[in-house]
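Visitor: I'm new to this one. Could you pick a single part and take me through it closely, then show me what else goes on around it?

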Amino acid sequence: MYYHMIAFLAGFLLDLLIGDPHWLYHPVRLIGNLIAALDHRLLDVTGIRNEKKERRAGILLVTVVLLATGAVSGLLLWGAYAIAPVAGCILESIMTYQILATKCLKVESMKVYERLRADDLAGARNAVAMIVGRDTQNLDAGVAKSAVETVAENTSDGVIAPMICLAIGGPVLGFLYKAVNTMDSMVGYKNERYLNFGRTAAKLDDVVNYIPARISAALMIAAAYGPGKQFSGKDALRIFKRDRYNHASPNSAQTEAACAGALHLRLAGDASYFGKIVKKPFIGDDLRPVEAEDIVRVNVLLYRSAVIGEILCLLALLVVTLF
């Protein structure tokens, strides 16, 4: 257990220091490649266009991806610890670091901030397009808002949820979570191709994120009570209670609501996806326009939430170890 605690902390610190440089191949890409190959094989090659068969194919996709991810990560970790506990701890630290995305979120969102500060709207649109799924070519004031929303939502998906999984089940559970999250991002769309095929992946993502999303929101509310007049813990809690279900997903608005209240912003609302406007309710109060500096502020909330989450997880692990 002590090796697990050391790796848990070391991986977190590595994430804060290094992040995800583009030159370093990320193992989640392998999961994505497997999903893409199965997607092509199960839909395009077989030519399935039947609701029941598409759903069965989607269940097969989820099963194969989870089995492959669990087996590979588990065997690698077992092999390293079999060689020597120190080797296992080092590998577990690296795997833990690869599963978390704290610095990556900050780096990618700050690219949007830098372009906005330079009055380069086209560059800001290109930068935000790298981290959001909506259409960005016509965004103006919505560029900064999109970046803030992405950091707020991914505080759960990219940091706190995988952190909780790592604390409970180490890198194996962590990579299984990333596999579920990646499947949802690739096939969890409600369009003609994926409505039935991606249903299992989308529902599974909702289930595994249900508790972590709410924990993440609680951590962000706690973070908003920290230093800085630009943050309001009281309003973060108020808007969270009021607007946390203002989204088609049961989880996505949890941290967005906490963020909107903390920064006195109105987030969400209608957005364009693949050329079509999708109606969405607003989150938060329209007290002031979203500005570029809000990207910096939401990253402060991200880092505070991550540090609080890490400390609480370490304390929980210590209690389990001692008792």
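Guide: Start in the loop between helix H10 (252–263) and strand E1 (266–268), where you'll find His264. Keep in mind that you're looking at a predicted model. His264 has a positive phi of about 60 degrees, although it is not a glycine. Most residues other than glycine have a negative phi. As for its surroundings, His264 counts as partly exposed because its relative accessible area is 25%, and the buried class stops at under 20%.

Asp119 is another residue to look at for its backbone. Its phi is near 60 degrees, again a positive value in a residue other than glycine. Asp119 sits in the loop between H5 and helix H6 (121–129). With 72% relative accessibility, Asp119 is exposed.

Step back from that loop into H5 itself, residues 102–117, and you meet a charged pair. Side chains of opposite charge can pair when their charged atoms come close. Here the side chains of Glu108 and Lys111 form a salt bridge, at 3.2 Å from N to O. Both belong to helix H5 and are 3 residues apart, about one turn of the helix. An α-helix has 3.6 residues a turn, so residues three or four places apart point the same way. Glu108 is buried at 13% relative accessible area, while Lys111 is partly exposed at 33%.

Helix H11 (residues 293–322) holds a pair with that kind of spacing: Arg297 and Asp294 are 3 residues apart, about one helical turn. Their side chains meet in a salt bridge at 2.8 Å, N to O. Arg297 is buried, with a relative accessible area of 19%, and Asp294 is buried too, at 0%.

Now for a pair that reaches across the sequence. Asp39 and Arg193 join their side chains in a salt bridge of 2.9 Å, N to O. Asp39 is in helix H2 and Arg193 is in the loop between helix H7 (142–187) and helix H8 (199–224), so this contact ties together parts 154 residues apart in sequence. Asp39 is buried, at 9% relative accessibility, and Arg193 is partly exposed, at 25%. Over the whole structure, a search finds 14 salt bridges. There is also a network of them that links Asp235, Arg238, Arg242, Asp243 and Asp285.

H7, which came up a moment ago, deserves a look of its own. A straight helix of 46 residues would span 68 Å, yet H7 covers only 26 Å between its end C-alpha atoms. Look at Gly169: H7 bends there by about 135 degrees, and a proline, Pro171, follows within four residues. Of the 46 residues of H7, 36 are buried, so the rest of the structure largely encloses it.

Last stop, back towards H2: the second largest pocket, with a volume of about 300 Å³. It is lined by 13 residues, and the closest to its centre are Pro27, Leu30, Val72, Ser73 and Leu76. Helix H2 (28–45), helix H3 (51–83) and helix H4 (85–99) are the elements that each give two or more residues to that lining. The largest share, 5 residues, comes from H3. By class, the lining has 10 nonpolar residues, 3 polar ones and no charged ones.

Definitions and conventions
Residues numbered from 1 in each chain as written. Predicted model: local features only at pLDDT ≥ 70, side-chain atom pairs only at ≥ 80, totals over all residues. Heavy atoms only, no water. 1 Å grid on protein atoms, 1.4 Å probe; cavity = no way out; pocket = protein on both sides within 12 Å on 5 of 7 lines; lining within 4 Å. Points joined across faces, edges and corners; volume = space filled by probe spheres on them. Nonpolar A, V, L, I, M, F, W, Y, C, P; charged D, E, K, R; others polar. Salt bridge = Lys/Arg side-chain N within 4 Å of Asp/Glu carboxyl O. Buried < 20%, exposed > 50% of the residue type's maximum accessible area, 1.4 Å probe, protein only. Expected span 1.5 Å × (residues − 1). Bend = angle between axes of the 7 residues up to and from the residue.
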